[in-house]
Amino acid sequence: MGDEVVLLDTFVSVFGMRVRIALAEKGIQYEYKEEDLMNKSHLLLQMNPIHKKIPVLIHNGKPICESLIIVEYIDEVWKDKSPPLMPSDPYKRAHARFWADYIGKKIYDGGMKIWSSKVEEHKTANKEFIECLKVLEGELGDKPYFEGENFGLVDMAFIPYYSWFPVYKKLSNLNIEAECPKFVAWAQRCMQKESVSKSLVDPDKVYEFIVLFRQKIGVA
């Protein structure tokens with residue numbers, strides 16, 4: 001009997017996209033269940049009773065929560081399937097975890113400031129966001145991917161935001177192409193991978209989602 005794999009997710013979630021990419025990289029078949037975060041399912045509340053958040057990977061009835069933990073779990077459980085998602089060297093693994101954590105804290109928070117803030121706050125939010133991208137460009141350097149020649153954890157943690165960047169541009173005139181060309185070249189390289197291009201959501205759908213959400217929270 002094969003593995004039973006279910007993913008509880010929301011289509012616009014950058015965290016869910018990380019997991020979708022990891023599953024695609026490993027070639028794992030799974031059942032996708034879309035969650036309405038305004039009306040969370042009994043299954044989600046049962047499988048993640050602490051945080052009540054997506055994504056949740058359910059593997060043979062057992063839940064694994066938090067996107068980066070899920071990605072590492074996928075790599076460990078299906079280690080016989082190529083490619084590896086994490087470096088084999090302990091130091092390099094720790095280094096990758098550091099930058100994936102940085103992305104989760106700085107890029108997510110910075111992006112949220114842009115799409116949830118008022119027009120008069122956009123200039124400051126844009127400046128802070130670009131500063132974070134510049135830090136990541138420095139870490140990327142001239143490497144094809146953050147871990148060198150191989151697409152890995154940091155790339156998986158970061159690339160889902162690429163589908164949100166056109167939204168930031170529409171809302172706040174943030175011109176990432178002009179400010180961070182090295183990042184854009186890296187993103188386009190990642191998008192050539194089928195696991196990435198098929199896992200990222202259409203930016204127009206993200207924009208529709210954000211417009212509705214801004215209306216709900218009363219942001220003009």
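How far apart do the end C-alpha atoms of residues 89-209 lie, and what share of the span is helix? In this predicted model, those ends sit 40 Å apart, and the span is 71% helix and 0% strand. UniProt lists residues 89-209 as "domain: GST C-terminal", in an unreviewed entry. The unreviewed entry also gives residues 3-82 as "domain: GST N-terminal". Here's how the two spans look side by side:

| Span | End C-alpha atoms apart | Helix | Strand |
|---|---|---|---|
| Residues 3-82 | 17 Å | 38% | 21% |
| Residues 89-209 | 40 Å | 71% | 0% |

**Strands E1 and E2**

Let's start with the strands. E1 (residues 5-9) and E2 (residues 31-34) run parallel, joined by four bridges. If you want a spot to look at, take Leu8, whose bridge partner in E2 is Lys33. Add helix H1 (residues 14-26) and you've got a right-handed β-α-β unit made of E1, H1 and E2.

**Phe158**

Now over to Phe158, which you'll find in helix H6 (residues 153-158). Phe158 counts as buried because its relative accessibility is 1%, and the cut-off for buried is under 20%. What does Phe158 touch, leaving aside neighbours within four places in sequence? Its contacts are Ile103, Ile107, Leu133, Leu136, Phe146, Phe183 and Trp186.

There's also a long-range pairing to check out: Phe158 and Val14 are 144 residues apart in sequence, yet their C-alpha atoms are 8.5 Å apart in space. As for where Val14 belongs, helix H1 covers residues 14-26.

Conventions:
Residues numbered from 1 in each chain as written. Predicted model: local features only at pLDDT ≥ 70, side-chain atom pairs only at ≥ 80, totals over all residues. Heavy atoms only, no water. Helix = DSSP H or I, 4+ residues; strand = E, 2+ residues; numbered from the N terminus. Buried < 20%, exposed > 50% of the residue type's maximum accessible area, 1.4 Å probe, protein only. Contact = heavy atoms within 4.5 Å. UniProt positions renumbered as here; feature names shortened; annotations may be inferred. Pairing = 2+ DSSP bridges. Right-handed = clockwise from strand over helix to strand, strands pointing away.
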